[in-house]
Amino acid sequence: MKKILLIAVILSSSSVIADEHQEFTLQSQAAIKEFASTLKGSLVAAMKSSGPVGAINVCNNVAPTIASELSKKYDMKIARTSLKVRNPDNAPDNWEKHVLNTFEERKSEGESVKTLTFSEKITGDGSQEMRMMKAIPTGEVCLICHGSNIAEPVQASLDKLYPDDQATGFSLGDIRGAFTVRKKSNP
Ligand code: HEC
């Protein structure tokens with residue numbers, strides 16, 4: 001009888017863990033989807049109305065604003081990062097750097113950049129956190145500001161705003177970076 005009870009307890013607690021992970025994954029996917037489509041919408045609209053130099057403003061101001069609005073809406077921290085950042089505020093921490101490196105490995109082993117994701121529960125001193133990342137592929141439009149042949153006025157504008165810019169020289173299909181999501185979970 002005791003044995004059955006024990007098994008029941010183990011089973012139910014592991015399903016709680018599975019549910020929690022599943023819920024986090026679903027929520028992160030929704031947040032990332034909304035972040036990606038809102039950003040892309042603003043970027044494309046700004047490129048149309050004010051060209052690439054004007055659109056730099058969208059990435060500079062609007063991207064962090066959308067990130068903080070969605071972080072509130074979904075009650076988790078959502079941001080963008082990369083192994084080669086334009087804005088040093090977006091620099092990856094050790095966990096993110098490691099995941100980005102494994103994304104590069106998985107890509108070279110043939111996985112599609114479009115579906116590269118990773119999530120993990122991290123247990124620290126007295127706290128637990130769920131983390132997830134999703135790779136961002138470099139598309140055609142991205143090359144205008146992240147490629148190898150950046151037009152003179154665009155480059156001048158980037159130089160002014162980002163003297164330590166590392167986010168150039170990307171090619172179509174490269175991993176430009178990743179969305180990164182984190183949420184403290186119940187210990
Ligand atoms: C009009 C110029 C422009 C275009 C086009 C553009 N970006 Fe950016 N991108 C920027 C700027 C400026 C930043 C820095 C934003 C900031 O200050 O947080 C940036 C930052 C990023 C970051 C955050 C990491 C970092 O380097 O700081 C990612 C990821 C990114 N861009 C991906 C893309 C992708 C993918 C595309 C194509 C869909 C794209 N960008 C198109 C200008 C551009």
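Q: How many salt bridges does a search of the whole structure find?
A: The search finds nine. The model is a predicted one.

Q: What makes the pair Lys-183 and Asp-75 a salt bridge?
A: A side-chain nitrogen of Lys or Arg must lie within 4 Å of a carboxyl oxygen of Asp or Glu. For Lys-183 and Asp-75, the N to O distance is 3.4 Å. The pair therefore meets the definition. Lys-183 sits in strand 4 (residues 175-185), and Asp-75 in the loop between helix 1 (2-74) and strand 1 (77-81). They are 108 residues apart, so this counts as a link between distant parts of the chain.

Q: Why is Asp-75 called exposed, and why is Lys-183 called partly exposed?
A: Exposed means over 50% relative accessible area, and buried means under 20%. Asp-75 has 56%, so Asp-75 is exposed. Lys-183 has 21%, so Lys-183 falls in between.

Q: What is notable about the phi of Asp-75?
A: Phi of Asp-75 is near 55 degrees, a positive value in a residue other than glycine. Most residues other than glycine have a negative phi.

Q: How do you know that Asp-165 and Arg-86 form a salt bridge?
A: Their closest N and O atoms are 2.9 Å apart. The cut-off is 4 Å, so the pair qualifies. Asp-165 lies in the loop between helix 4 (152-161) and strand 4. Arg-86 lies in the loop between strand 1 and helix 2 (94-108). The pair thus ties together parts 79 residues apart in sequence.

Q: Is Arg-86 buried or exposed?
A: Arg-86 has a relative accessible area of 11%. Buried means under 20%, so Arg-86 is buried.

Q: What makes Arg-131 and Asp-93 a salt bridge?
A: Their side chains meet at 3.0 Å, N to O. That is within 4 Å, so the definition is met. Arg-131 is in strand 3 (residues 128-137), and Asp-93 is in the loop between strand 1 and helix 2, 38 residues apart. Arg-131 is buried at 3%, whereas Asp-93 is partly exposed at 26%.

Q: Which residues are joined into one network by salt bridges that share partners?
A: The network holds Asp-93, Glu-96, Glu-129, Arg-131 and Arg-182.

Q: Which residues come nearest to the ligand?
A: Of the 22 residues around the ligand, Arg-86, Cys-142, Cys-145, His-146 and Tyr-162 come nearest. Helix 1 gives the largest share of the shell, seven residues. The shell divides into 14 nonpolar, four polar and four charged residues.

Q: What makes the approach of Tyr-162 to the ligand a polar contact?
A: A polar contact needs a pair of N or O atoms within 3.5 Å. A polar side-chain atom of Tyr-162 lies 2.7 Å from an oxygen atom of the ligand, so the pair fits. His-146 has a polar side-chain atom 2.9 Å from a nitrogen atom of the ligand.

Q: How do you know that the span of helix 2 agrees with its number of residues?
A: At 1.5 Å a residue, its 15 residues should span 21 Å. The end C-alpha atoms are 21 Å apart, so the values agree.

Q: Why are the buried residues of helix 2 said to be on the same side?
A: The buried residues are Trp-95, Glu-96, Val-99, Leu-100 and Phe-103. They cover an arc of only 130 degrees around the axis, which puts them on the same side of helix 2. The face turned away from that side carries the exposed residues Asn-94, His-98 and Ser-108.

Definitions and conventions
Residues are numbered from 1 along each chain as its sequence is written. This is a predicted model: local features need pLDDT of at least 70, side-chain atom pairs count only at pLDDT 80 or more; totals for chains, interfaces and linings use all residues. Side-chain values use heavy atoms; hydrogens and water are left out. Helices (H or I, at least four residues) and strands (E, at least two) are DSSP runs, numbered from the N terminus. Buried means under 20% relative accessible area, exposed over 50%, partly exposed in between (1.4 Å probe, protein chains only). A residue is near a molecule or strand if one of its heavy atoms lies within 4 Å of it. A polar contact is a pair of N or O atoms within 3.5 Å; within protein, one must be able to donate a hydrogen and the other to accept it, and residues adjacent in sequence count only if both atoms are side-chain atoms. Ala, Val, Leu, Ile, Met, Phe, Trp, Tyr, Cys and Pro count as nonpolar, Asp, Glu, Lys and Arg as charged, and the others, Gly among them, as polar. The expected span of a helix is 1.5 Å times one less than its number of residues. The arc is that of the directions from the helix axis to the C-beta atoms.
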